[in-house]
Amino acid sequence: MGKKVKKEAESPPKDVFDPLLIESKTPATVVLMLSSPENEVLAKACDALYKFASKDDENKVTLLGLGALEHLYKLLSHEDPLVRRNAIMVFGIMASNNDVRKLLRELDVTNSLISQLAPEEDVVIHEFATLCLAHMAVEYTTKVKIFEQGGLEPLIRLLGSPDPDVKKNSLECIYLLVQDFQNRAAVRELNVIPPLLGLLESEYPVIQSLALQTLEELSNLHIETLAVLGNCLEDVHTLQQIQLTGGLKKLISFLEVSTVPDIQKNAAKAITKAAYDSEIRKILHWEEVEKFLLSLLETNNDEVKIAASQAISAMCENMDSKCVLGLQGIPQLVQLLSSDNEEVKEAVVTALTNLTTASPRNASVVAEAEGIVPLMNTLNAQRDGAISNAIAVLTNLSLQEPSRVSIQSHGIMSALVQPLRSTNSQVQSKAAFAVAAFGCDADARTELRNVGGLGPLVELLHSKNEEVRRNACWAVMVCGSDELTAVELCRLGALDILEEINLSTKRKSEFSEAALEKLLDNNLSQKYSRMGYLSSSNIITNGFYDCGQIKHGGKFLSLEELSKQELTDRRAIIFINAKPQENIVVQKVQDASPSVSGRSSREKSRKGKGKKEEEKPKEVIQVTPTVQEEINLESSHWLPPPDFILMDYINDASKKILPLTNTREQVVALAQFVADKMGGTVEREQLHNFCWELNMSEIEFEQKSNIVPIAKIKRGTFYHRALLFKVIADRIGIGCSLVRGKYNRAWNEVRLVERSPKGLLLPPQEYIVDLMFEPGCLLKQGSAKADQYKRI
């Protein structure tokens, strides 16, 4: 305890007895001095008796026999504060003797002692008055008197005293008092629990121990105040002290055997509050608090289940606890997902989220416990917290292939549509993140597209919440991995929104930039229209079309929308389709000019379907594109015609160019091949006389459409030839890029590896391929000739 206050009388004036002389007197003489009318003498006599009684128990008995207590009792109400203080000090020190206590009971001193506990009294008076009461409270009759005479309230107030001795004495007295049922009930009304919990943080172990023992006595009545228990558990040092004294284990053992729901609930809440500190989590784990929490899940009280689930969530931050709780608790939690109580459902699924995050083993336990179906059902819960956490658990499970397949078989993408439309940002964020997690599967992307999930996903790109926007960008990036979904996302406005986001320094992120790039890479028609550039990794497939550079903010129209436009004198749309329509058998006619109108294409389709296998003509065009993913032209409402001439170009180029073993030779040969198909070499000085516009107008008039299959063009200028070069190069495996310039210019860039005179490989060099003036001539990037070709 703290340093004792010096308990002795003040120095007397010179004309009175010296205190040393008083102490030299016999005890009987000093007792007689207690009848003196002089305050100074009384004070010094009491001080002398205090010192005498402090030496041993025999001295206390001596004073008892001399009648000292009767005289001291009269001084308890003395008007002089010093006399009264010193008299109470003697009472306090002597009350440790059993015979003394008997006489004190006979004198009925409790009321006088209680009156000394007033706030204005000296701290020394408080210390020895409470000490005396604590000694006397061991007997039942004194407990009754203290209670009846209003001693509880001042004792509880003194728990907040700055003096540790006062705290200890008051606390000991209260502990003895609450052994009686009637007193415990009275204490409930006086709100003793908060100060008791505060004393658990005391630096003195004896005070901590007394406070804990008193709490144990009170908890079965004052259960609602156990919610405050978390306050004392929040301090690591305090908890360590309680643990060292065995108090924590004792408290947890007490809680485990309790069947009172409110005790269980509030204890779990206290653990939840305390478990936010990593060191405290370790201590709780060492004391095996997990067993207690798991036992609470088996109760029949929903509030207890909620509190226990919340505590489990908090304890999951400790990896050892997470392991224990996962293996033993997940099956119980999965069963509780079917609860009719929405709050229980939310708390349980939140616990499952924390258990399965970054824990593959726990995720497997959820699947083994048949948790996927109840988790899917929880997506229809009434509380947003339950929905968002159910999505989070399913997302955690998706990291394991068997679970992901199972979840997808239950229609996860369809189930996510409604959460994507939620007004709760947490639900939106989790739903978008889940789309990103499951969208890596082509079937899942198809499902999301078919059930109308792309629309609400695109809307989330407008969100002002950074996390929602980031996850939506991520989902768009993943879903944009196939052309059909990318085209649909662009149709819904995702591309425009992402471009707007990327113009903002605050909203732009790596996710928004990656999403934009992915959409464009899987919607090359729009990428080329917007960006004017296709890299060597951007492989042109059937269904690609070049409608020219689109103005910023302009709407990019689909091929079907363009097909419905009237014939105009505007720039023709160049279309790529080197793929015959299924079930369409077309005889190879060299000069055939099929119409590009939608009607004729559908008629051909209907006619083709009616033919039997033996009725097919012997000669059928056979073109097998090397590109894996292509636009599903047959599934669209408007069916563009196949470009049979382009099919021949590709087949011919494959036969002539692929046998060449040198990449440079292949590039040169392909350039000459393209130039030959597009009107041959053009003299630089005669470029203005190369009437390619007239040829284009004739084709458009003949087709009765602005859409022109590329192989129909017999007099092609820069951008026609560059596009054809890129199309064929992609099919036969020659890497090249396509760049749009100004004034109908476009060109291809290739990278070639050269060898030094000594045969060593040199770094690759970039060249512009001449397709007009000297077909096959390779112009080194950055050279004057290359710049002239591009007209920079």
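The following legends describe an overall view and close-up views of a predicted model.

**Figure 1. Overall composition of the predicted chain.** The chain contains 44 helices and eight strands. Of its 792 residues, 53% count as buried. Among contacts between residues at least 6 apart in sequence, 69% join residues at least 24 apart. The exposed surface of the chain amounts to about 36800 Å², of which carbon and sulfur atoms supply 50%.

**Figure 2. The buried and exposed residues of helix 4.** Helix 4 spans residues 57–65, and its buried residues are Asn59, Lys60, Leu63 and Leu64. These four residues lie on the same side of helix 4, because they cover an arc of only 145° around the axis. Glu58 and Gly65 are exposed on the other side of helix 4. The cover over the buried residues includes helix 2 (27–32), helix 3 (39–55), helix 5 (68–75), helix 6 (81–94) and helix 7 (98–107).

**Figure 3. The two ends of helix 4.** At the N-terminal end, Asp56 acts as the cap of helix 4: one of its side-chain oxygens lies 3.2 Å from the backbone nitrogen of Glu58. Just after helix 4, Gly67 adopts a positive phi of about 80°.

**Figure 4. The surroundings of Asn471 in helix 33.** Asn471 belongs to helix 33, which comprises residues 466–479. Asn471 counts as buried because its relative accessibility is 5%, and the cut-off for a buried residue is under 20%. Apart from neighbours within four places in sequence, Asn471 is in contact with Ser429, Ala432 and Phe433.

Key
Residues are numbered from 1 along each chain as its sequence is written. This is a predicted model: local features need pLDDT of at least 70, side-chain atom pairs count only at pLDDT 80 or more; totals for chains, interfaces and linings use all residues. Side-chain values use heavy atoms; hydrogens and water are left out. Buried means under 20% relative accessible area, exposed over 50%, partly exposed in between (1.4 Å probe, protein chains only). Contact means heavy atoms within 4.5 Å. Accessible areas come from the Shrake-Rupley method with a 1.4 Å probe; for residues, only the protein chains shown count as cover. The arc is that of the directions from the helix axis to the C-beta atoms. A polar contact is a pair of N or O atoms within 3.5 Å; within protein, one must be able to donate a hydrogen and the other to accept it, and residues adjacent in sequence count only if both atoms are side-chain atoms.
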